[in-house]
Amino acid sequence: MERMEINNGDITRLEVDAIVNAANSTLLGGGGVDGAIHRAAGPELLEECRQLDGCPTGEARLTKGYRLPAKWVIHAVGPVWNGGQGKEAEKLASAYRSSLEIARNHRMKSIAFPNISTGIYGYPKEQAAIVAIRTVRKFLAENEWPEKVIFAIFDQENLTIYREILEGY
Ligand code: ADP
């Protein structure tokens, strides 16, 4: 079974156990996919996030999904791109790994990631994709859960990059 797949669409519509949010370290909402997730989940999501007291870069936190089709939201904080000299790749890998650990520890079958850090945070898309895919592939090789990881890809540039790496065209 192929355990990684691409979904070319809106992450807030996916019927999976968990969607990952590309959050900022306050966990109090922002633009991009974060804004879309909070709008779709409803105000209860922000209420729960307020209780969490933030999240450091490279880590992740779990909340319920409220009005989303997904049962859970995993809020992962990726790095702001700063030219590559600030351990961005390590921090990005850690954000993916932390999210996968939460999914595994809760025996989640399916989890969907946005392209963390490649929007407002400015991480070069191809470099981010290589880190994301390498980290997920290694985690899946070493763990039984989650069974399936979906890359929810919103923009054409990321779609082309992920298709090239995962599907060879
Ligand atoms: P960051 O601050 O981590 O860069 P952004 O939300 O700005 O986060 O961007 C992360 C990625 O999420 C970008 O590739 C952006 O195109 C994508 N994105 C924005 N809205 C959605 C959505 N509804 N579903 C999936 N991906 C989305």
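**Exercise 1. Is Leu159 buried or exposed?**

Solution. Keep in mind that this model is predicted.
- Step 1: Find the residue. Leu159 sits in helix H5, which spans residues 156–167.
- Step 2: Read its accessibility. Leu159 has a relative accessibility of 3%.
- Step 3: Apply the cut-off. Buried means under 20% relative accessible area, so Leu159 counts as buried.
- Step 4: List its contacts, leaving aside neighbours within four places in sequence. Leu159 is in contact with Ile6, Asn8 and Ile153.
- Step 5: Take one distance. Phe113 is 46 residues from Leu159 along the chain, and their C-alpha atoms are separated by 13 Å.

**Exercise 2. Describe the chain as a whole.**

Solution.
- Step 1: Count the elements. The chain has 5 helices and 6 strands.
- Step 2: Write their order. Along the sequence the pattern reads β-β-α-α-β-β-α-β-α-β-α.
- Step 3: Test the compactness. The radius of gyration is 14 Å, and the globule rule gives 15 Å for 169 residues. The two values are close, so the chain is as compact as a globular protein of that length.
- Step 4: Give the box. Along the principal axes, the C-alpha atoms fill roughly 40 × 35 × 30 Å.
- Step 5: Give the buried share. Of the 169 residues, 47% are buried.
- Step 6: Look at contacts with a separation of 6 or more. Residues 24 or more positions apart account for 68% of them.

**Exercise 3. Analyse how helices H3 and H4 meet.**

Solution.
- Step 1: Choose the descriptors. Two packed helices are described by the angle between their axes and the distance between the axes.
- Step 2: Read both values. The axes of H3 (residues 88–105) and H4 come within 9 Å and cross at roughly 35°.
- Step 3: Assign the hand. The crossing of H3 and H4 is right-handed.
- Step 4: Name residues on each side. H3 contributes residues including Ala89, Leu92, Tyr96 and Leu100. H4 contributes residues including Ala128, Val131, Val136 and Phe139.
- Step 5: Sort the contact by type. The residues where H3 meets H4 divide into 10 nonpolar, 1 polar and 3 charged.

**Exercise 4. How many salt bridges does the whole structure hold? Work through some of them.**

Solution.
- Step 1: Give the total. A search of the whole structure finds 7 salt bridges.
- Step 2: Take a pair in H2. Arg50 and Glu47 meet in a salt bridge, 3.4 Å from N to O. Both lie in helix H2 (residues 43–50), 3 residues apart, about one turn of the helix. Arg50 is partly exposed at 48% relative accessibility, and Glu47 is partly exposed at 43%.
- Step 3: Take a pair in H4. The side chains of Glu142 and Lys138 form a salt bridge of 3.2 Å, N to O. These residues are 4 apart in helix H4 (residues 125–142), so about one helical turn separates them.
- Step 4: Classify that pair. Exposed means over 50% relative accessible area. Glu142 has 54%, so Glu142 counts as exposed. Lys138 has 53%, so Lys138 counts as exposed too.
- Step 5: Add another pair. Glu59 bridges to Arg61, with the closest N and O atoms 3.2 Å apart. Glu59 is partly exposed at 33%, and Arg61 is partly exposed at 25%.
- Step 6: Finish with a network. Salt bridges link Lys125, Asp155 and Glu157.

Methods: Residues are numbered from 1 along each chain as its sequence is written. This is a predicted model: local features need pLDDT of at least 70, side-chain atom pairs count only at pLDDT 80 or more; totals for chains, interfaces and linings use all residues. Side-chain values use heavy atoms; hydrogens and water are left out. A salt bridge is a side-chain nitrogen of Lys or Arg within 4 Å of a carboxyl oxygen of Asp or Glu. Helices (H or I, at least four residues) and strands (E, at least two) are DSSP runs, numbered from the N terminus. Buried means under 20% relative accessible area, exposed over 50%, partly exposed in between (1.4 Å probe, protein chains only). Axes are lines fitted to C-alpha atoms, for helices over the stretch in contact, and angles run from 0 to 180 degrees between N-to-C directions. A crossing is left-handed if the near helix is turned anticlockwise from the far one by less than a right angle, and right-handed if clockwise. Contact means heavy atoms within 4.5 Å. Ala, Val, Leu, Ile, Met, Phe, Trp, Tyr, Cys and Pro count as nonpolar, Asp, Glu, Lys and Arg as charged, and the others, Gly among them, as polar. The radius of gyration is taken over C-alpha atoms; the globule rule is 2.2 Å times the number of residues to the power 0.38.
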